[in-house]
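Please open the model in your viewer and keep the sequence panel visible beside it. The tour below moves from one selection to the next and says what to look for at each stop.

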Amino acid sequence: DMIASFSFLTHFDTMSAGVLELRDAVFFVSLILLFNFTTMLVVSFKTSGTSELLQSGRRAYYAMVFALMLLGFVGLNLIANNYMRSVRYDFTEEKMFTLSNNTVEMLKNLKYPVVAKVYYSKVLEQRNPVFRQMFDKVRILLAQMSSESEGKFSYRIYYPEVLSKREDLALAAGMQPLALVDNNTGAFFGVEFVDEVDNRQI
């Protein structure tokens with residue numbers, strides 16, 4: 001999750017689904033500033049420190065400034081990823097990614113921590129892009145549930161492939177594969193909810 005927070009797709013997927021998170025805004029704004037200041041560094045270095053802000057021609061000086069900027073970019077986004085997940089606005093007309101107060105209270109008062117295990121075969125989106133849209137909606141909703149649960153709810157995503165261990169996990173969980181007639185295989189798209197005392201619900 002930490003590495004994924006620095007991916008363009010991670011932040012763009014939620015925005016394309018109609019949800020704007022504060023951490024997404026922080027990521028893109030900080031990325032723009034990082035590139036702008038990096039350009040200033042390069043120009044100042046090429047012109048031997050004639051910039052008003054950077055009065056040095058030493059390569060080590062510019063390397064140190066760039067390292068500090070990069071460290072600031074990484075630190076700021078790690079903080080945003082950990083503490084700004086719950087700050088978001090749902091732009092969808094149906095408010096499909098907005099949890100009701102009752103749902104939030106239920107998540108916070110779960111008797112045992114619950115893990116949602118999502119099984120999704122990527123081959124489905126190659127057949128029909130609608131599956132990818134459905135998967136993104138499920139993932140975003142689960143992420144919001146996780147951020148509102150105060151540690152009581154989390155989720156994992158598995159991508160089963162033919163004759164893989166993850167396919168075995170999906171079958172063991174009771175998932176029914178969707179038949180792909182053309183290649184005589186099955187694909188999976190489902191969610192299993194498991195708590196720490198091994199109660200399960202698909």
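Select Ala25 to begin: in this predicted model, Ala25 is partly exposed, because its relative accessible area is 31%, a value that falls between the 20% limit for buried residues and the 50% limit for exposed ones. Ala25 belongs to helix 2, and if you add Met15 to the selection you can check that the C-alpha atoms of the two residues, which stand ten residues apart along the chain, are separated by 9.8 Å.

Now colour the whole of helix 2, residues 22-46, together with helix 1, residues 8-16, and look at how the two pack, with an angle of about 130° and with axes 10 Å apart. That angle makes helix 1 oblique to helix 2, because it belongs neither to the range over 145 degrees that counts as roughly antiparallel nor to the range of 65 to 115 that counts as roughly perpendicular. As you rotate the view, note that the crossing in which helix 1 passes helix 2 is left-handed. Which residues make the contact between these helices? On the side of helix 1 they are Phe8, His11, Phe12, Thr14 and Met15, while helix 2 brings Arg23, Asp24, Phe27, Phe28 and Leu31. Sorted by character, the residues of this contact of helix 1 with helix 2 comprise six nonpolar, two polar and two charged.

Keep helix 2 on display and add helix 3, residues 59-83, whose axis comes within 10 Å of the axis of helix 2 and crosses that axis at roughly 175°. Helix 2 is therefore roughly antiparallel to helix 3. The contact draws on many positions, and among those of helix 2 you can pick out Val26, Phe27, Leu31, Leu34, Phe37 and Leu41, whereas those of helix 3 include Tyr62, Val65, Phe66, Met69, Leu70 and Phe73. By class, the contact of helix 2 with helix 3 is made of 15 nonpolar, five polar and two charged residues.

Move next to the largest nonpolar core, which holds 16 residues, and select Leu107, Leu142, Met145 and Phe153, the members that touch the most others. Helix 4 (101-108), strand 3 (114-120) and helix 6 (129-148) each contribute at least two residues to this core, and strand 3 gives the largest share, with four residues. If you centre the view on Met145, you will find that Met145 touches Leu99, Leu107 and Phe153, once residues up to four places away in sequence are set aside. There is also a second, separate core, formed by eight residues, and Leu34, Tyr62, Val65 and Phe73 are among them.

Staying with helix 6, select Leu141, which is placed in that helix and is partly exposed, with a relative accessible area of 29%. Apart from neighbours within four places in sequence, Leu141 is in contact with Met96, Phe97 and Leu99. For a sense of scale, draw a line from Leu141 to Met64: these residues are 77 residues apart along the chain, and their C-alpha atoms are separated by 41 Å.

Turn then to strand 3 and select Val115, which lies in that strand. Is Val115 buried or exposed? Val115 counts as buried because its relative accessibility is 17%, and buried means under 20%. Display the residues that Val115 touches, leaving out those up to four places away in sequence, and you will see Ser154, Arg156, Glu192, Phe193 and Val194. Phe193 is 78 residues from Val115 in sequence, yet the C-alpha atoms of the pair are 5.7 Å apart in space.

The last two stops are in loops. Select Glu150, in the loop between helix 6 and strand 4 (153-158), and inspect its backbone, where phi is positive at about 55° although the residue is not a glycine. Glu150 counts as exposed, because its relative accessibility is 62%. Finally select Leu163, in the loop between strand 4 and helix 7 (165-172), where phi is near 60°, again a positive value in a residue other than glycine. With a relative accessibility of 80%, Leu163 also counts as exposed.

Note on methods: Residues are numbered from 1 along each chain as its sequence is written. This is a predicted model: local features need pLDDT of at least 70, side-chain atom pairs count only at pLDDT 80 or more; totals for chains, interfaces and linings use all residues. Side-chain values use heavy atoms; hydrogens and water are left out. Axes are lines fitted to C-alpha atoms, for helices over the stretch in contact, and angles run from 0 to 180 degrees between N-to-C directions. Angles under 35 degrees count as roughly parallel, over 145 as roughly antiparallel, 65 to 115 as roughly perpendicular and the rest as oblique. A crossing is left-handed if the near helix is turned anticlockwise from the far one by less than a right angle, and right-handed if clockwise. Contact means heavy atoms within 4.5 Å. Ala, Val, Leu, Ile, Met, Phe, Trp, Tyr, Cys and Pro count as nonpolar, Asp, Glu, Lys and Arg as charged, and the others, Gly among them, as polar. A nonpolar core is a set of buried Ala, Val, Leu, Ile, Met, Phe, Trp, Tyr and Cys residues joined through side-chain atoms within 4.5 Å. Buried means under 20% relative accessible area, exposed over 50%, partly exposed in between (1.4 Å probe, protein chains only).
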